Amino acid sequence: QVQLVESGGGLVQAGGSLRLSCTASGRTLSTYVVGWFRQAPGKERDNVARIGRNTGSTFYADSVKGRFTISRDNARNTVYLQMNSLKPEDTAIYYCAAMGATGKYDYWGQGTQVTVSS
C-alpha cells in the first residue's frame with residue numbers, strides 16, 4: 001500500500017506561482033497513475049491533472065490547461081504540480097491520489113491548502 005503526503009501549499013497573490021509536491025512511501029510511485037484534485041468550499045472535488053505510469057502521459061482540466069504542469073521525479077518518489085498564473089478561483093484544498101488495481105483512486109494524501117488573493 002502506498003502512503004501519500006502533499007506539501008507546498010500556501011498563500012499567494014494572483015498571478016503568482018506555487019509548486020505542490022506529492023511524496024510517496026511504501027511503494028514506488030512511478031508504477032501508479034497519479035492525479036491532483038482540488039476541492040473548494042461548497043464544491044465537489046475535481047480532477048485538475050493526471051500523469052500516467054512510466055510513459056508519463058498527462059491530462060489537464062480545461063480550467064488549468066496552459067497554467068499547471070504535472071511531472072514526476074522518480075528518484076524522489078514524488079509527483080509535482082507546478083501552478084503558474086494563479087487566480088483567486090484556484091483557491092482550494094489540493095489532494096494527490098494514486099490509482100490502484102481497481103482503476104479507482106484508492107490512495108489519497110491529507111491535502112494542502114492553496115489560497116490565492118486578488
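What radius of gyration would a compact globule with 118 residues have, and what does the protein have? The globule would be near 13 Å, and the protein has 13 Å, which agrees. This is a predicted model.

## Overall build

The protein has zero helices and 11 strands. Read along the sequence, its pattern is β-β-β-β-β-β-β-β-β-β-β. The C-alpha trace spans about 40 × 25 × 25 Å along its principal axes.

Of the 118 residues, 46% count as buried. The protein exposes about 6100 Å². Carbon and sulfur atoms supply 46% of that area. Now take the contacts with a separation of 6 or more. Residues 24 or more positions apart account for 53% of them.

## The cores

In soluble globular proteins, nonpolar side chains tend to be buried together. Here the largest nonpolar core holds 30 residues. Leu4, Trp36, Ile70, Val79, Leu81, Met83 and Tyr94 touch the most other members. Several strands feed this core. β3, β4, β5 (46–51), β7 (68–73), β8 (78–83), β9 (92–99) and β11 (112–117) each supply at least two of its residues.

Apart from this core lies another, of five residues. Among them are Val33, Phe37, Ala97 and Met99.

What does Leu81 touch, once residues up to four places away in sequence are left out? Its contacts are Leu18, Arg19, Leu20, Trp36, Val48, Ala49, Phe68, Thr69, Ile70 and Tyr94. Trp36, Ile70 and Tyr94 are also among the residues that touch the most other members of the largest core.

## Rings and charges

The structure holds five aromatic pairs. One of them joins Phe37 and Tyr105. Their ring centres are 4.9 Å apart and their planes stand at 85°. Planes over 60 degrees apart count as edge-to-face, so this pair is edge-to-face. The pair links distant parts of the chain. Phe37 is in strand β4, Tyr105 is in strand β10 (residues 105–108), and 68 residues separate them. Both Phe37 and Tyr105 are buried.

Ring pairs also build a cluster: they link Phe37, Tyr95, Tyr105 and Trp108. Trp108 has a charged partner too, as Arg45 lies over its face. The charged end of Arg19 sits over the ring of Tyr80. The table gives both distances.

| Charged residue | Ring | Distance from the ring centre |
|---|---|---|
| Arg19 | Tyr80 | 4.1 Å |
| Arg45 | Trp108 | 4.6 Å |

Arg19 has already appeared above, as one of the residues that Leu81 touches.

## Two serines

Is Ser30 buried or exposed? Ser30 has a relative accessible area of 12%. Buried means under 20%, so Ser30 is buried. Ser30 lies in the loop between β3 (18–25) and β4 (34–39). Leaving out residues up to four places away in sequence, Ser30 touches Arg53, Asn54, Arg72, Asn74 and Asn77.

Ser25 lies in strand β3. Its relative accessibility is 37%. Partly exposed covers the range between the 20% and 50% limits, so Ser25 counts as partly exposed. Setting aside neighbours within four places in sequence, Ser25 is in contact with Gln1, Val2, Gln3 and Asn77. Asn77 is also on the list for Ser30.

How far apart are Ser25 and Thr78 in sequence and in space? They are 53 residues apart in sequence. In space, C-alpha to C-alpha, Ser25 and Thr78 are 9.4 Å apart.

Notes
Residues numbered from 1 in each chain as written. Predicted model: local features only at pLDDT ≥ 70, side-chain atom pairs only at ≥ 80, totals over all residues. Heavy atoms only, no water. Helix = DSSP H or I, 4+ residues; strand = E, 2+ residues; numbered from the N terminus. Buried < 20%, exposed > 50% of the residue type's maximum accessible area, 1.4 Å probe, protein only. Contact = heavy atoms within 4.5 Å. Phe/Tyr/Trp six-rings, centres within 6.5 Å; stacked < 30°, edge-to-face > 60°. Lys NZ or Arg CZ within 6 Å of the ring centre and 35° of its normal. Rg over C-alpha atoms; globule rule 2.2 N^0.38 Å. Areas by Shrake-Rupley, 256 points an atom, 1.4 Å probe, with all protein chains shown as cover. Core = buried A, V, L, I, M, F, W, Y, C linked by side-chain atoms within 4.5 Å.
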